[in-house]
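Take the sequence and the model together and read along the chain from its N terminus. The aim is a plain account of how the parts are arranged.

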Amino acid sequence: MSEFTVTVFRLAFFIILWLFVLGVAGVLRRDIFGPRKARAGRKSRRGGSKSAPTPPSRPAPAPRPAAAPVAHAHPGTIRITDGPLAGQTLMLSGAPVTFGRAPDNTIIINDDFASSHHARISAKNGAWMLEDLGSTNGTIVDGSRMTGPIRLAIGTRITIGHTTLETQS
């Protein structure tokens with residue numbers, strides 16, 4: 001092999017190696033900080049139209065039956081049914097409950113499929129609401145992926161990675 005061919009192979013290997021490193025850095029950034037949010041003025045700087053972009057149309061989520069409001073005098077509980085923390089129970093009081101890998105969460109889920117701040121349950125208007133906090137792998141509620149905040153009812157199954165939780169009275 002000529003010296004020129006060896007130099008070309010080295011340069012190609014160097015470029016492929018850096019593309020891999022940048023790809024890994026992008027995946028880690030999305031896992032830590034969540035997906036990027038589009039800025040409103042971005043299109044106008046590129047010479048596009050100044051009107052707000054229209055969001056892509058999505059099918060409407062299936063309607064869920066409304067849950068009975070949970071009174072603060074009789075808080076419900078969350079029971080972990082599957083996963084490494086199976087069997088643990090947490091009473092819902094007025095304070096929000098957070099789930100994720102970070103140590104400042106209420107329930108710490110040590111799972112590669114859980115984000116550092118994955119989801120939150122909080123009381124709103126007398127009902128318990130579940131919100132996904134922009135997690136990478138999403139939150140599964142009763143077998144389907146969440147698309148927005150969901151009102152929790154007794155018996156709702158929440159799956160985060162390999163951990164499944166169930167709301168109880």
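What follows goes from the overall make-up to the N-terminal helix, then to the sheet and the nonpolar core.

The model is predicted, not an experimental structure. The secondary structure of the protein chain comes to two helices and eleven strands. Their order is simple: reading from the N terminus, the elements run α-α-β-β-β-β-β-β-β-β-β-β-β.

Start with helix H1, which covers residues 3-33. The 31 residues of this helix should span 45 Å at 1.5 Å a residue, and the end C-alpha atoms are 45 Å apart, so the expected span and the model agree. Within this stretch, UniProt, in an unreviewed entry, places a "transmembrane region" at residues 6-28. Over residues 6-28 the chain is 100% helix and 0% strand, with end C-alpha atoms 33 Å apart. An α-helix has 3.6 residues a turn, so residues three or four places apart point the same way. Just after H1 comes Gly 34, which takes a positive phi of about 85 degrees.

The strands come next. Five of them form an open sheet in the order S4-S3-S5-S6-S9, with mixed pairing. At its edges lie strand S4 (107-108) and strand S9 (150-151), each of which pairs on one side only. Strands of a sheet pair through backbone hydrogen bonds, either parallel or antiparallel. Strand S6 (residues 127-132) and S9 run antiparallel and are joined by two bridges. In one example of bridge partners, Met 129 is matched with Arg 151 in S9.

Which residues of the largest nonpolar core touch the most other members? This core has 19 residues, and those with the most such contacts are Phe 99, Ile 107, Ile 121, Leu 130, Ile 158, Ile 160 and Leu 165. Strands S1 (77-82), S3 (97-100), S5 (119-124), S6 and S10 (157-160) each supply at least two residues of the core. Ile 107 shows the surroundings of one core member: leaving aside residues up to four places away in sequence, Ile 107 touches Ile 80, Leu 85, Leu 90, Val 97, Thr 98, Phe 99, Gly 100 and Leu 165.

Finally, consider the chain as a whole. Of its 169 residues, 25% count as buried. The protein chain exposes about 11,800 Å², and carbon and sulfur atoms supply 62% of that area. Among contacts between residues at least 6 apart in sequence, 35% join residues at least 24 apart.

Key:
Residues are numbered from 1 along each chain as its sequence is written. This is a predicted model: local features need pLDDT of at least 70, side-chain atom pairs count only at pLDDT 80 or more; totals for chains, interfaces and linings use all residues. Side-chain values use heavy atoms; hydrogens and water are left out. UniProt positions are given in the numbering used here, feature names are shortened, and annotations may be inferred rather than shown by experiment. Helices (H or I, at least four residues) and strands (E, at least two) are DSSP runs, numbered from the N terminus. The expected span of a helix is 1.5 Å times one less than its number of residues. Two strands pair if DSSP finds at least two bridges between them. Buried means under 20% relative accessible area, exposed over 50%, partly exposed in between (1.4 Å probe, protein chains only). Contact means heavy atoms within 4.5 Å. Accessible areas come from the Shrake-Rupley method with a 1.4 Å probe; for residues, only the protein chains shown count as cover. A nonpolar core is a set of buried Ala, Val, Leu, Ile, Met, Phe, Trp, Tyr and Cys residues joined through side-chain atoms within 4.5 Å.
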